[in-house]
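Got the viewer open? Let's walk through this one stop at a time, selecting as we go.

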Amino acid sequence: MSVRFEHVSKRFGSVVALSSFTLDVADGEFMVLLGPSGCGKTTALRILAGLEEPTAGEVFIHGRNVTDLPPRERDVAMVFQNYALYPHMSVYDNLAFGLRMRKLPRREVDRSVREAASLLGIGELLKRKPGQLSGGQRQRVALGRAIVRRPKAFLMDEPLSNLDAKLRVQTRLELIRLHRTLGTTVLYVTHDQVEAMTMGKRIAILDKGILQQVGPPQVVYAKPANLFVAEFIGSPAMSFFRGPVRDAGDGVLAVDLPTLSFRLWHQNADLVRRANLTEVVIGVRPEHIERAEDYGERPAAATFEAHVDVVESLGNEVHATLLLDGRSVVARLPVEATVQTGEARRFAIGPERLHLFHPQGGQRLS
Amino acid sequence: MSAPTAVRRHTASWRLARFAKQAAAAAPFLLPSLALFSVFVFYPLVRSIWLGFHGTDPFGRREVWVGIEQYQDVLTSPDFRYSLLVTGQFALYTVVPATIIGLYLALLAHQRLPGIVIFRTIFSSTVASSVAVSSVMWLLLLNPGVGVLNYLLDKGGLPTASWLTDPDWALPAVAMTTVWMNVGFATIVILAGLQNIPEDLYESARVDGAGPWNQFLHVTLPGLSPTLLFVSVVGVIFAFQSFGQIHILTRGGPLDSTTVIVYSIYREAFLHYNLGLASAQAVVLFAIVLLLTITQFVIAQRWVFYR
């Protein structure tokens, strides 16, 4: 079922947790709410669940205004970060609880519980108590408790954050499969951009209670709407260069920094001119910094010499931290592109993938 | 024959040496409390058991070995059985209401509201008043002539009673004052228990469709079960050890209707100067309380859930 937030705000005392948050989630969509801690993503989820009352605004589930309904009348299921399994109940009773609260006939409860348990591969654990389960098993029970009710939407609050790295990757895949099987709308809260990028059909990025950008992962990555999104998405993070804009003639604009100079032409220059800027922020993703010899003879937006400070080899690629104007800039290089710690090398940045941002407010120029 | 196993077995003397070493290290930490316990608990306990095997003269001095005679007397005496019954009733009248009222007050005081600390303090304040002071206060409140209770009952058109002098009402009246005294303790302990129940269990239950009653039944009560066991065990022990309020309010009367075991022990020891018999009673009381506590724990294993 579809979900809609309409200008939802939430204030805790003087702290604004969520500010005029508007978001449409389509039926069956996997929507990820992403942001640093305290950005309001969990608050949004809790408001949808009915666990918090919004200070202003309205929430709709399948077109119905549920703003004033208690959680139990919203027919959503929530997976909590710490799973919140009832510790005194067996796995079976944990799964059955929501159904029993809805006064379903015993036979139907039993059938649904066994169905959900087999879907998640926890059929053998039904008699155990949560205390006798491993972290991964508890996680499955928490998921099972959500899917057993066939709710209108799943709300998941960082459900993987308590698992170890390997299990997290594995469970991530299973969640994707589960969503494919069930086709239920999912709102998934996380601060982990890898989870967001891999699982979300769309990602909603929040900061300080304000929605920054909504879009498919590729779009958010390729065209971040502002400096916050640009910096938050991508690892290693994008590097930023702020400098004054100078007309270099022949339709070319130059942005001069102490040790390197960017040259903007065509589209890049048009964007800066249209915004009528005297200063601009240029963002460069690590994979768009190349060794000068690899870059070749094509015209570059910038070439520069930098001191290689740290080289981290990941096996399939190399992250080289370069010292430039007294700060660190990360370049993501192919393994063949050998660079040595301590050496000074020339690098080049291509013009196609520069990200240009407004120096005030940080909006992407477009 | 197979070759001797490579596993080295520790010899008995090696184990003894290790134990001695550990004990020597532990001793300085244990000694202070051991000394206190020895003086105030262990020695009196052993002494009581020993006294129970000895008859005493009316001045509580002559100690003659009488074997298990006095223990037999205690166990077969109708007086003792009667006071055991009174004590049992007293425990029932005090533990059940104090636990329920304490639970109710704790639930009220657990709400997150401005100024709730004031109510928490009021609800748990009786823990800070001594048995003697509370008893004297209730002696006045229950006074048939000038007491507030009868005054209010009369105003409300309800029958009044001579609370502490009527054999039918004396035990419930003393129990009521004891409930009042114990409610503060129960409230504090249950409040602490409530604070240990994770908030997300309630939230999960709400999303699962549970209303307030089902949340109480399926989250609060199971989460409180160890606390409630503790409160009831301690309550029973308190009840079996009650003396002060009975001594002040009724002196075991009227017609022995409030003669609980400890009061009977007191009477035997300090009015009849029969230390031997009193000690025998005390030892039997100890055994009964121990047995009751074990029983409570065994029964509770079924429904108490420790996280």
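## Stop 1: two crossing helices in chain B

Helices α5(B) and α7(B) lie oblique to each other. Bear in mind that you're looking at a predicted model. To see the pair, select residues 131-141 of chain B for α5 and residues 170-195 of chain B for α7. Their axes come within 10 Å and cross at roughly 135 degrees, and the crossing of α5(B) and α7(B) is right-handed.

Now turn on side chains. From α5(B), show B:V131, B:S134, B:S135 and B:W138; from α7(B), show B:T177, B:W180 and B:M181. Those residues make the contact. Sorted by class, the contact of α5(B) with α7(B) has four nonpolar and three polar residues, and no charged ones.

## Stop 2: where chain A touches chain B

Next, colour by chain and go to the contact between A and B. Chain A puts in 17 residues and chain B 16 residues. On the chain A side, select β6 (76-79) and α2 (91-101): these are the elements that give two or more residues to the side touching chain B. That side of chain A has twelve nonpolar, three polar and two charged residues.

## Stop 3: a four-stranded sheet with a helix on it

Stay in chain A and pick out the open sheet of four strands, which runs in the order β2-β1-β4-β5 with antiparallel pairing. At the edges you'll find β2 (15-25) and β5 (64-65), each pairing on one side only. Zoom in on β1 (residues 3-12) and β4 (residues 56-61) of chain A, which are joined by five bridges in the antiparallel sense. Which residue of β4(A) stands opposite A:E6? Look for A:E58.

Add residues 41-49 of chain A to the view: this is helix α1, which packs on the sheet and touches β1, β2 and β4 of chain A. The direction of α1 makes about 115 degrees with that of β1(A).

## Stop 4: a five-stranded sheet

Last stop, also in chain A: an open sheet of five strands in the order β13-β12-β11-β14-β20, with antiparallel pairing. Select β13 (261-264) and β20 (355-357) to mark the edges. Each has a single partner strand, so one side of each is left without a neighbour in the sheet. Looking along the sheet, the twist averages 35 degrees from one strand to the next.

To finish, highlight β14 (residues 279-284) of chain A, which runs antiparallel to β20(A) and is joined to it by three bridges. One residue pair to label here is A:G283 with its bridge partner in β20(A), A:H355.

Definitions and conventions:
Residues are numbered from 1 along each chain as its sequence is written. Chains are lettered from A and ligands numbered from 1 in the order in which they are written. This is a predicted model: local features need pLDDT of at least 70, side-chain atom pairs count only at pLDDT 80 or more; totals for chains, interfaces and linings use all residues. Axes are lines fitted to C-alpha atoms, for helices over the stretch in contact, and angles run from 0 to 180 degrees between N-to-C directions. Angles under 35 degrees count as roughly parallel, over 145 as roughly antiparallel, 65 to 115 as roughly perpendicular and the rest as oblique. A crossing is left-handed if the near helix is turned anticlockwise from the far one by less than a right angle, and right-handed if clockwise. Two residues are in contact if their C-beta atoms, placed from the backbone, lie within 7 Å. Ala, Val, Leu, Ile, Met, Phe, Trp, Tyr, Cys and Pro count as nonpolar, Asp, Glu, Lys and Arg as charged, and the others, Gly among them, as polar. Two strands pair if DSSP finds at least two bridges between them.
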